[in-house]
Amino acid sequence: MDALEPFLHEVGTVFSVFREQDSGCVSYGVAVGGKRWFVKGAITSEAVASLRRAVQVHALVRHPVIVPLERSIALRGGLALVYPWVEGEVLYHPTTSRKGGRAAPGSPMARFRRLPVPDVLTALERILDAHVTVERAGLVAVDLYDGCMLYDFGNRRMFLCDLDEYRPGPFVLETDRLPGSRRYMAPEEFAKGSTIDTRTTVYVLGRALRLLLDAGDEEREWRGSASQLTVIERATADHPAHRFASVEALTQAWHDVGPRLR
């Protein structure tokens with residue numbers, strides 16, 4: 001891993017470095033021959049395993065909303081992944097020294113929440129559509145949260161990145177919990193021996209709809225319709241059997257209620 005940064009300086013111009021990632025990775029923005037790239041390198045054994053999982057995810061799923069993996073670079077004791085650089089900002093960017101900040105007026109999340117509702121709905125449509133493709137590939141969303149949501153404010157476009165923990169499903173949880181943000185995670189993601197499947201993805205997406213279509217971090221300023229909130233309540237039912245049976249079913253229900261706003 002120590003060889004990655006010198007190598008990047010040799011092949012191009014490093015214009016950005018993200019060192020304090022709580023994922024156990026160090027990432028770089030690199031310009032090479034007129035093109036810009038995002039290079040993510042693992043610095044812990046857990047992060048290496050996560051990046052290897054990402055390689056498998058991208059081999060199964062390609063979608064315009066998901067930033068594609070261009071190549072992987074084997075390192076001595078590590079791994080680095082190369083993605084095209086996408087203009088935008090992740091809605092939440094936790095680091096090893098800083099948590100929180102979603103509600104700060106200048107934060108990406110606060111700015112996103114001030115967008116006109118139709119723009120937010122378009123972004124949510126992109127997230128749902130990408131996960132219909134994820135579902136069809138036989139994958140379950142793990143560790144999806146606002147840190148995976150990259151928004152281009154200039155062009156009003158949502159992208160998804162860092163889907164490293166997605167994995168084939170269904171599967172049985174063999175640890176005490178899955179990685180992820182409590183704000184998004186389904187109850188079964190905290191129960192060893194539980195089944196993690198597409199209904200888990202439905203829950204996480206329901207939470208994304210709820211959190212992104214609200215004007216504040218306390219979920220007291222809902223900007224959508226009562227019908228949309230009803231869809232979200234079903235998607236985020238505590239018991240998986242009470243949720244929509246698939247991401248496709250959730251997406252169809254969301255479309256059916258339409259953008260009828262207060």
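**Exercises on a predicted model**

The structure holds zero disulfides; the model examined here is a predicted one.

**Exercise 1.** Determine why Cys 148 is in no disulfide, and whether Cys 148 is buried or exposed.

*Solution.* Step 1: the cysteine sulfur nearest to that of Cys 148 belongs to Cys 161 and is 6.2 Å away. Step 2: a disulfide requires a pair of cysteine sulfur atoms within 2.5 Å, so Cys 148 does not qualify. Step 3: Cys 161 is likewise in no disulfide, its nearest cysteine sulfur being that of Cys 148. Step 4: buried means under 20% relative accessible area. Cys 148 has a relative accessibility of 1% and therefore counts as buried. Cys 161, at 14%, counts as buried too.

**Exercise 2.** Establish which residues of helix H6 are buried, and where they lie around its axis.

*Solution.* Step 1: helix H6 spans residues 226–235, and its buried residues include Gln 228, Val 231, Ile 232 and Ala 235. Step 2: these residues cover an arc of only 100° around the axis, so they lie on the same side of H6. Step 3: in general, an α-helix has 3.6 residues a turn, so residues three or four places apart point the same way. Step 4: the face turned away from the buried side carries the exposed residues Ala 226 and Glu 233. Step 5: the cover over the buried residues of H6 includes helix H4 (117–136), helix H5 (198–212) and helix H7 (247–257).

**Exercise 3.** Identify the residues that make a nonpolar surface patch of about 210 Å².

*Solution.* Step 1: the patch is made by Phe 7, Val 11 and Val 32. Step 2: Val 11 is found in helix H1, residues 4–11. Step 3: Val 11 has a relative accessibility of 36% and so counts as partly exposed.

Notes:
Residues numbered from 1 in each chain as written. Predicted model: local features only at pLDDT ≥ 70, side-chain atom pairs only at ≥ 80, totals over all residues. Heavy atoms only, no water. Buried < 20%, exposed > 50% of the residue type's maximum accessible area, 1.4 Å probe, protein only. Helix = DSSP H or I, 4+ residues; strand = E, 2+ residues; numbered from the N terminus. Arc of directions from axis to C-beta. Contact = heavy atoms within 4.5 Å. Patch = residues over 30% accessible without salt bridge, like charges linked within 9 Å, V, L, I, M, F, W, Y side chains within 5 Å. Areas by Shrake-Rupley, 256 points an atom, 1.4 Å probe, with all protein chains shown as cover. Salt bridge = Lys/Arg side-chain N within 4 Å of Asp/Glu carboxyl O.
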